[in-house]
Amino acid sequence: MPGIWETNMNFSQRSRSLFKTIAVVLALALPTALAISSADARVGGGMSSGSRGSRTYSAPPSTTTAPGSTSQFNRTYTQPGAGMNSAAAAPARGGLFGRAGGFMGGLAAGFLGAGLLGMLFGGGLFGGLGGLSSIIGLIIQIVLVVLVVRLAMSWWQRRHTPQAAYANADAGAGPGPQANNRSGLGGGFGFGANNAPLEIKPDDYEAFERLLSDVQSAWSNEDVAKLHTLATPEMVSYFEQDLGQNRARNVVNKVSGVKLLQGDLAESWREGETDYATVALRFALTDKTLDRNTGAIVAGSEQPGEATEVWTFARRPGGTWELSAIQQTN
């Protein structure tokens, strides 16, 4: 009998040691996977966020400034088949495992957090049990986490897969790529014959260029009140989430020297009472992330760089243009 108990105890100790090793590896890897790279620290976090009304799930036409494709939205309130008006009224959320959390994200994070800490300190979801029962408890916990993740991924795919009928209907409703033949107006913009139902004038291009600079400046100053005057509520909610993450990491992102180098119109249209314009922007900037206490550069550099993004602006009756979406280029 003592021999049997000794064998079970050795097995339990080896298994517990293995789980602890896995937990340590995951604990070290997760912060690295979630960290924001220096190239993605600027406003928008290097992700595609926001809404383009009913065209949110339709890729904007390529332009001279952005001849490639654009990334699908990582963060958006707009559901397939829904326009901007319903998206603007949606409550703030960060997606399934987004920055704002959500029920499923919190549930999965709770399981993962409890599991990692439990395995590190010899407990787990069923930490009160001992020996072989504890091992079984840990296995059950892992199975639960896997089930939660699989259900979550299935939900995420259903939520973000564009519906074929919707895509076809939208493709039939919108104009094709537009020519960009004229240059010199609106600073770095080269814009041409506007074939869209909505006419974009030189004053509008000047507003887009000004917003490019003003949004970056308000972001660097962490001026949320100013951002509310420059962007839609949806975009501001994402900015607040990103700024909150920076504060949690005790860093601040500073973007300076923003200058539009080239820009052109991808498409413009009117949807209900809201005007939309999607433009490609190539701009210079200095992007650096500083330690809040010491001011030391922890990411980025003092050297200027360039970025190319596709921004969508929205304007409601009697209002001014606001940033409605940022998309990364491929």
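The expected span of a helix is 1.5 Å times one less than its number of residues. This is a predicted model, in which local features need pLDDT of at least 70, side-chain atom pairs count only at pLDDT 80 or more, and totals for chains, interfaces and linings use all residues. Residues are numbered from 1 along each chain as its sequence is written, and side-chain values use heavy atoms, without hydrogens and water.

Helices (H or I, at least four residues) and strands (E, at least two) are DSSP runs, numbered from the N terminus. Helix H8 has 16 residues and should span 22 Å; its end C-alpha atoms are 22 Å apart, which agrees. Among the buried residues of H8 (buried means under 20% relative accessible area with a 1.4 Å probe, protein chains only) are Met235, Phe239 and Leu243.

Two strands pair if DSSP finds at least two bridges between them. E2 and E3 pair in the antiparallel sense over 17 bridges, and tryptophan 269 stands opposite tyrosine 276 in E3. Two residues with positive phi are listed here.

| Residue | Place | Phi |
|---|---|---|
| Asparagine 250 | just after H8 | about 60° |
| Glycine 272 | hairpin of E2 and E3 | near 65° |

Aspartate 275 is found in strand E3 (residues 274-291). Aspartate 275 counts as buried because its relative accessibility is 6%. Its side chain makes a polar contact of 2.6 Å with that of arginine 270; such a contact is a pair of N or O atoms within 3.5 Å, one able to donate a hydrogen and the other to accept it within protein, and residues adjacent in sequence count only if both atoms are side-chain atoms. Leaving aside neighbours within four places in sequence, aspartate 275 is in contact (heavy atoms within 4.5 Å) with residues including Leu198, Phe313 and Trp321.

Definitions and conventions
Buried < 20%, exposed > 50% of the residue type's maximum accessible area, 1.4 Å probe, protein only.
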